[in-house]
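Here is a set of short exercises to work through with the coordinates open in your viewer. Try each task yourself before reading its solution.

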Amino acid sequence: MAKRNFKKVSKLKKKEPARSDKKYLGAQPLVLFILFQLVSLLTVTLSGRGTAYLYMLLPLAAITYGGWFFVRKMHADVPFFLDAAMLLTFGTMIQCMLMEEDGRPTSLIIIYVLSAAAALIAGFAYKFFPGPYIASAHGTAFLIILSIFLYLATLVLGAAVGGGVRNWISIGGMSIQPSEFNKIIYVLVMAGLLCTKNRPGKKRIWISILVTLMNLGFLGIQGEFGTFLLVLCTFLCFLFLFVPDIKVFASVFSIMIAAGAAVAACCLALLNLTGGSSNFGPMQFVLNQINKIVNRFTVWLDPSIDPQGASYQILQARKALLNSNPFGSDTTTPLSNPTNDMVFPALTERCGLIIALMVCILFGLLLIRGTRIYFHCPDRYHQAVCAGLCFQLILQAFIIIGGSIGMFPLTGITLPLISRGGTSLMATFIILAVILTISAGNLWNGRRDYSSYDSKLQKARTVYPDRIFGLRNRGRNRTGMDDIGESGEP
């Protein structure tokens, strides 16, 4: 007995330094982050926008250090939060530097406050809302209906901006882009369809394909091809990660390539036959959408075709990149939309190549930490939500950075945490809040938890086994979830 007690005491002594080391290592990045924000303040002050950044310090500090408090309290992934906070600081810095006058950025403050409030609500809702209902058949159906409602509201009430992209709704003087929230809803729907069961059946796979086609159809009608690409790639990601049969992914991918080639050939033939115009309204709408896509590829391949029109922002972006140096340039190249679509060339020119490289590295670190959270998730449902949201976030950054530097055609999406877009920033905050909540662990595991129920009825099970299992199966059928795998075990 004495030897056993000695072993227990020795184990306790070994654990105490580990806890203190963890606290020390947790406070050290916070001190470095404070110094980082002071350097950012000095950089913006030297550019002549120090007053604007001082106004932004209060909401920025509330978001970063308030978020730090919640992250540490929940035992969430601290490095993931710090990477996102540093990106937000870079975004605040460049947005202040791009202001026309050095004053109070009221609209930017409102965007930050609303985005932080939405993230707080989303994080608590995801953690404490009855999770099995979200993942159930009824919850998935509700999310699909909500997504359709948002798409229809956009088509009916939306305003056409950016060359005919109909994706904004004005409510009370504020503009909202519902497709940003539909991206998040799409991930929850796909997770509910494919990841509440170890091996999703053919019916669920076909429903997921139909839901994806529905989203792609609405986005194509709206002319929002950047989000179109995001949803399509997210669908392939879900098939690859969460459908065990690789033949399904290979078949769908092959069909998509063949269908894409056939559609492209038909569109080009249609343009040649009609000359790009038609008196029939629906046909003219289709031709306009085709022309828009063709022009993007044409301008990307040869920007000198229309230097004062469609190629203007691409040529100006290249000029801004050429004017940049490692520590920033005094020149300010006029860009068509420097706070949103062209924020990366503006950041590179004004802050330098080193800061631009740091932004790319931080997005890479977000991907690494998100992958780590994915592998540490205890169940498929939370793995799917984490993978889908993290994949969308990083892919969106890759698409807009690659488009702005000329790697591939430019799409009208924002750079997460760097661009000014209000709805986009709010959606990004919600995505980060959900991923951090998943990293902290949840009370539900993608299925209804029967652990306490089983422990209470262990004795009764030996006496009334048929009645107990009947009650369990009846309760599971009411949830509308697949709590029993193909093997018949919970």
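**Exercise 1. Place Thr339 in the fold and decide whether Thr339 is buried or exposed.**

Solution. Start with the location: in this predicted model, Thr339 sits in the loop between α12 and α13. Next, take the relative accessible area, which is 18% for Thr339. Buried means under 20%, so Thr339 is buried. Finally, list the contacts, leaving out residues up to four places away in sequence: Thr339 touches Gln95, Leu98, Ser419 and Arg420.

**Exercise 2. Work out how enclosed helix α13 is, and which helices its buried residues pack against.**

Solution. First, take the range, residues 343–351. Then go through the residues one by one: Val343, Phe344, Pro345, Ala346, Leu347, Thr348, Glu349, Arg350 and Cys351 are buried. That is nine of the nine residues, so helix α13 is largely enclosed by the rest of the structure. Cys351, for instance, has a relative accessibility of 6%. For the packing partners, look to α3 (78–97), α12 (312–323), α14 (353–376) and α15. To finish, step past the end of the helix: α13 is followed by Gly352, whose phi is positive, near 110°.

**Exercise 3. Find which salt bridges Asp77 takes part in, and what parts of the chain they tie together.**

Solution. Begin with the general idea: side chains of opposite charge can pair when their charged atoms come close. The structure holds four salt bridges. In one of them, the side chains of Arg369 and Asp77 meet at 2.7 Å, N to O. Arg369 lies in helix α14 and Asp77 in the loop between α2 (50–74) and α3, so this pair ties together parts that are 292 residues apart in sequence.

Now turn to Arg372, which also forms a salt bridge with Asp77, with the closest N and O atoms 3.5 Å apart. Arg372 lies in helix α14 too, so this pair ties together parts that are 295 residues apart in sequence. Put together, Asp77, Arg369 and Arg372 are linked in a network of salt bridges. As for accessibility, Asp77 is buried at 7%, whereas Arg372 is partly exposed at 39%.

**Exercise 4. Describe the salt bridge between Glu180 and Lys183.**

Solution. The distance comes first: the two side chains meet at 2.9 Å, N to O. Next comes the spacing: Glu180 and Lys183 are three residues apart in helix α7 (residues 178–194), which separates them by about one helical turn. An α-helix has 3.6 residues a turn, so residues three or four places apart point the same way. Last, check the accessibility: both Glu180 and Lys183 are buried.

**Exercise 5. Count the aromatic pairs and classify two of them by geometry.**

Solution. Counting ring centres within 6.5 Å gives eleven aromatic pairs. For Phe240 and Phe249, the centres are 5.2 Å apart and the planes are at 65°, so the pair is edge-to-face. Phe249 is buried, at 19% relative accessible area.

For Phe398 and Phe408, the centre-to-centre distance is 5.6 Å and the angle between the planes is 50°, making the pair tilted. Phe398 belongs to helix α15 (residues 380–404) and Phe408 to the loop between α15 and α16 (422–440), ten residues apart. Phe398 is partly exposed, at 48% relative accessible area. Elsewhere, ring pairs link Phe238, Phe242, Tyr374 and Phe375 into a cluster.

**Exercise 6. Find what surrounds Pro409.**

Solution. Pro409 is placed in the loop between α15 and α16 and counts as buried, at 14% relative accessibility. Setting aside neighbours within four places in sequence, Pro409 is in contact with Arg296, Phe297, Trp300 and Gly403. One more distance to check: the C-alpha atoms of Pro409 and Thr298 are separated by 8.8 Å, with their positions 111 residues apart along the chain.

**Exercise 7. Explain why Cys266 forms no disulfide with Cys267.**

Solution. The sulfur of Cys267 is the closest cysteine sulfur to that of Cys266, at 7.0 Å. A disulfide needs the sulfur atoms within 2.5 Å, so this distance is too far for a bond. Across the structure, the count comes to zero disulfides. Cys266 itself counts as exposed, at 54% relative accessibility.

Definitions and conventions. Residues numbered from 1 in each chain as written. Predicted model: local features only at pLDDT ≥ 70, side-chain atom pairs only at ≥ 80, totals over all residues. Heavy atoms only, no water. Phe/Tyr/Trp six-rings, centres within 6.5 Å; stacked < 30°, edge-to-face > 60°. Buried < 20%, exposed > 50% of the residue type's maximum accessible area, 1.4 Å probe, protein only. Helix = DSSP H or I, 4+ residues; strand = E, 2+ residues; numbered from the N terminus. Contact = heavy atoms within 4.5 Å.
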